[in-house]
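Work through the exercises below with the sequence and the model open. Each task is followed by a solution in steps.

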Amino acid sequence: MSRPDRCRPAASPLFLAMAFAMGLAGSAGAAPAEDYIAARDKAVAALAAAEKGGATPEDLEKRDAAARKALEQKMSALLGPLQLKGLTASFSPATLLDGNIESGGPDGLLFADKDFTTRVLISPEPVFANWLAAQAKHENAAPALGQGIAAATGSEEFYTLAIGAEAAFSRYMDLPVTAAAGETASAALGLFSQDISANTLPDAVVVTRVANGRVAVATTNVKLPIKSLPVCDKAFKATTAKAEALRAAAEKSKKQQDDPRWEEANKADVDASNAFRACFAKEAQSQPVLAAAVKRAETLLATARGN
């Protein structure tokens, strides 16, 4: 299954340099979330106006960098000092220029390992909720996105938007993780990909944690102790055969691209993928898969706590 090419975010020298100072000012001098949101909206509007006014790409890039640096200062003040072992922090989103795919990410600090396979996005809860509400207004957005953070985590689209790195998340099953006192936590096993999940085994766990006025959304790779599930492959192939038969018939049709069987075949592909995932969730209950995935999710949750 293909993976997206994405430039990993560079380490933020500002973040490390400010950590001690923010530790002193974290509670008394932190800027309110509303101030951050207003500053962000103002910066986005200014960049949009500059672009509309004919600013060069180079000028826009400089303006964007300056605006993000100022917002990073506010974000660091809101979150206070944070360190996640083995992970390096950078400011999110990667750009404020509207229309750029990387401008849609949540506002916060994105921690990642050198391979960008483990990622933890941490955001002040009001700022994250504001971002989520904006996503819910987009055309064809999943309804759960407009029902608050807890409900939104039940949507595959939530993880695609929040931590997907330009890949879509397919959920195979929820994972039972243990929340600590004063926090809410949820987790799932799934797959990030730019293609339909088909009968590919899941290889990622995702976790969402809300505590102390912060939201953490995280993902990391997991190696499952199985190579295949024959019973699930059988269910998948049965539905895939239907899709192939529909395409073969459509290719012979005089209508060609207008033949409705093309759309029916695409739907059959989705049905086959869903059938495989449903089978996987059922079979995993009696396999060592579940314990391995839960253990990995618990480790990721501990990382998101800063432990």
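## Exercises on a predicted model

**Exercise 1. Find what T178 touches, leaving out residues up to four places away in sequence, and describe where T178 lies.**

Step 1. The residues touched by T178 are E183, E298, L301 and R305.
Step 2. T178 itself belongs to the loop between β4 and β5.
Step 3. The C-alpha atoms of T178 and A297 are separated by 9.8 Å, with these positions 119 residues apart along the chain.
Step 4. The relative accessible area of T178 is 54%, and exposed means over 50%, so T178 is exposed.

**Exercise 2. State how far the predicted model can be trusted along the chain.**

Step 1. The model is predicted, and its mean pLDDT is 87, with 89% of residues at 70 or more.
Step 2. The pLDDT is below 50 over residues 1-31, a stretch that has 59 contacts in the model beyond near neighbours in sequence.

**Exercise 3. Check the length of helix α8 against its residue count.**

Step 1. Helix α8 covers residues 261-283, which is 23 residues.
Step 2. At 1.5 Å a residue, the expected span is 33 Å.
Step 3. The end C-alpha atoms are 32 Å apart, which agrees.
Step 4. Buried residues of α8 include A265, A272, F276 and C279. Among the elements that cover the buried residues of α8 are β4, β5, α7 and α9.

**Exercise 4. Locate the disulfide and give its handedness.**

Step 1. A search of the whole structure finds one disulfide. C232 is joined to C279, with an S to S distance of 2.2 Å.
Step 2. The torsion about the S-S bond is about -80°, so this disulfide is left-handed.
Step 3. C232 lies in helix α7 and C279 in helix α8, so the pair ties together parts that are 47 residues apart in sequence.
Step 4. Buried means under 20% relative accessible area. C232 has 0% and is buried; C279, at 14%, also counts as buried.

**Exercise 5. Place strand β3 among its partners and decide which way its side chains point.**

Step 1. β3 spans residues 119-124, and six of its six residues are buried.
Step 2. R119, L121 and S123 point one way, whereas V120, I122 and P124 point the other way.
Step 3. β2 (residues 108-112) runs antiparallel to β3, joined by four bridges. L110 stands opposite L121 in this pairing.
Step 4. The hairpin of β2 and β3 has six residues between the strands, and F116 in the turn has a positive phi of about 65°.
Step 5. β7 (residues 214-221) is also antiparallel to β3, with six bridges. Here L121 stands opposite V217.

Methods
Residues are numbered from 1 along each chain as its sequence is written. This is a predicted model: local features need pLDDT of at least 70, side-chain atom pairs count only at pLDDT 80 or more; totals for chains, interfaces and linings use all residues. Side-chain values use heavy atoms; hydrogens and water are left out. pLDDT is the predictor's confidence in each residue, from 0 to 100. Contact means heavy atoms within 4.5 Å. Helices (H or I, at least four residues) and strands (E, at least two) are DSSP runs, numbered from the N terminus. The expected span of a helix is 1.5 Å times one less than its number of residues. Buried means under 20% relative accessible area, exposed over 50%, partly exposed in between (1.4 Å probe, protein chains only). A disulfide is a pair of cysteine sulfur atoms within 2.5 Å. Two strands pair if DSSP finds at least two bridges between them.
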